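This report describes the fold of one protein chain. It covers the sheet, the nonpolar cores, a helix pair and two loop positions.

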Amino acid sequence: CTTIIESGIDVPTANTIVIDRADRFGLAQLHQLRGRVGRSHHRAYAYLLAPPQASMTKDAVKRLEAISQHEDLGVGFALASHDLEIRGAGELLGDEQSGQIQEVGFTLYSQLLERAVRDLKAGREPAPEAELDTGVEVDLRVPALLPADYLPDVHTRLVQYKRISSAASDAELEELQVEMIDRFGLLPEAARNLFRVAALKLRAAALGIRKLEASAGGGIVHFGAQPSVDPARLVQLVQQAPQTYRLDSQQRLHFSGDLAEAQARFEAVEALLKTLE
C-alpha cells in the first residue's frame, strides 16, 4: 500500500479499485488508494471490503465511516481532522508530556514552554512561576482603536490589531499604515492614535518600562525590575525640573503638566522617552 502511494502508480485505463480488508488500512491510505482511479471523465468505483462490524475495532469502524462520508473534491483536510480525532493528538499535548494543559490553556502553555526553552538556551534556570511578560501597557486616556465604521468586518479588525501589536519596529508600523490606507482609506484619528501608541510601546519596551500612564494633569512611568535607563540621567532630569518630574520610588517617575489635549499627551510622553533614551 505504501509503495503504491509513494511511487504514484496510476493506471489511466482502470476505473475500479478493490481494497480487501479495508479495516486494516489507515484513513490517509484509504483516501490515497481510492484516488488511484477515476482521474478522467469516466465514473470510477472504489470497493472497500471489510469483515462484519462486530469483528472490527472501534477505530476501524470510525475510519470506514469517515471515508464513506467524504466523497467530494477537497476532502483531504476533513479526513485529516477525522484522523487526528480518531488517533488523538499524541503525547505532545497529552497529560504525560504536558500535564494538565487544559487547566492553563494552550496559548499560555505555549508561552511558558517558549520562555523555559529560551532560559535553557541562555544557560539560566527556568522559572515557570515567574510573571509572564505581557508587554508594555500604555494608557493615555485617548481613543486608540480601529473604528467599526472604518473596518466593518470583525475578523479583519482582529487581524489588523494582531499585526499592529506584533510589529517589531517603527518601519513595520509605517508599512502597516501605508497598507491600511491603501486598502481601507485614510486613517481616522482613533486609528492614528493606535499606531502612535504602538510606537510608544516599542520605545518603552527598549527602556525596560512596564507601564506608561498619562491624563490631563500629568502621568506616571512605571519601570520594570531591570530598566535600561541611566540612573544618573534620571536623577539629573528630576533635579533640572523638580516642578515637572518627581521620583516616587525606584520604579515610578511622576510628571506633571497641562496635558488636556491628546496631542499634548503624546508629545510629552514622546519627549520624555527621548530624554531617557
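The description below starts with the chain as a whole and then takes its parts in turn.

## Overall composition

The model is predicted. Its protein chain contains 11 helices and seven strands. Of the 277 residues in the protein chain, buried residues make up 30%. Among the contacts in the protein chain with a separation of 6 or more, 60% are between residues 24 or more positions apart.

## The sheet

Five strands form an open sheet, and their order across it is β3-β4-β5-β7-β6. The pairing in this sheet is mixed. Its edge strands are β3 (137-139) and β6 (245-247), each of which pairs on one side only. Averaged over the sheet, and with direction ignored, neighbouring strands are turned by 10° against each other. Strands of a sheet pair through backbone hydrogen bonds, in either the parallel or the antiparallel sense.

The table lists the strand pairs in sheet order, with one bridge partner pair for each.

| Strand pair | Sense | Bridges | Example of bridge partners |
|---|---|---|---|
| β3 and β4 | parallel | three bridges | Asp 139 and Glu 213 |
| β4 and β5 | antiparallel | six bridges | Lys 211 and His 222 |
| β5 and β7 | antiparallel | five bridges | Ile 220 and His 254 |
| β6 and β7 | antiparallel | three bridges | Leu 247 and Leu 253 |

His 254 of β7 is the bridge partner of Ile 220, and His 254 is also the bridge partner of Arg 246. Two of the strand connections are hairpins: one joins β4 to β5 through two residues, and another joins β6 to β7 through four residues.

Helix α10 (residues 231-240) packs on the sheet, where it touches β5 (218-223), β6 and β7. The direction of α10 makes about 130° with that of β6.

## Nonpolar cores

The largest nonpolar core has 27 residues. Which residues have the most contacts inside this core? They are Ile 209, Leu 253 and Leu 276. Two or more residues of this core come from each of α9 (189-206), β4 (209-215), β5, α10, β7 and α11 (262-276). Of these elements, α11 gives the most, with five residues.

Several residues of this core also have a place in the sheet or the helices described here. Ile 209 lies within the range of β4, and Leu 276 lies within that of α11. Leu 253, in β7, is the bridge partner of Leu 247.

Not counting residues up to four places away in sequence, Ile 209 touches Val 136, Ala 204, Val 221, His 222, Phe 223, Gly 224, Leu 273 and Leu 276. One of these contacts, Leu 276, is itself listed with Ile 209 among the residues with the most contacts inside the core.

Another core, of 14 residues, lies apart from the largest one. Its members include Ala 22, Phe 25, Met 56 and Leu 64.

## The α8 and α9 pair

Helix α8 (residues 170-184) packs against α9 at an angle of about 170°, and the two axes are 10 Å apart. Angles over 145 degrees count as roughly antiparallel, so α8 and α9 are roughly antiparallel to each other. The crossing of α8 past α9 is right-handed.

On the α8 side, the contact is made by Asp 170, Leu 173, Leu 176, Gln 177 and Met 180. On the α9 side, Phe 195, Ala 198, Ala 199 and Leu 202 take part. Helix α9 is also one of the elements that give two or more residues to the largest nonpolar core.

## Two loop positions

Ala 168 is in the loop between α7 (154-166) and α8. Is Ala 168 buried or exposed? Its relative accessible area is 58%, and the cut-off for exposed is over 50%, so Ala 168 is exposed. From C-alpha to C-alpha, Ala 168 and Ala 198 are 9.7 Å apart in space, while in sequence they are 30 residues apart. Ala 198 is one of the α9 residues in the contact with α8.

Arg 124 is in the loop between α6 (106-121) and β3. With a relative accessible area of 45%, Arg 124 is partly exposed. Leaving aside neighbours within four places in sequence, Arg 124 is in contact with Arg 118 and Asp 119.

Key:
Residues numbered from 1 in each chain as written. Predicted model: local features only at pLDDT ≥ 70, side-chain atom pairs only at ≥ 80, totals over all residues. Heavy atoms only, no water. Pairing = 2+ DSSP bridges. Axes fitted to C-alpha atoms, helices over the stretch in contact; angles between N-to-C directions. Contact = heavy atoms within 4.5 Å. Core = buried A, V, L, I, M, F, W, Y, C linked by side-chain atoms within 4.5 Å. Buried < 20%, exposed > 50% of the residue type's maximum accessible area, 1.4 Å probe, protein only. Parallel < 35°, antiparallel > 145°, perpendicular 65-115°, else oblique. Left-handed = near helix turned anticlockwise from the far one by under 90°.
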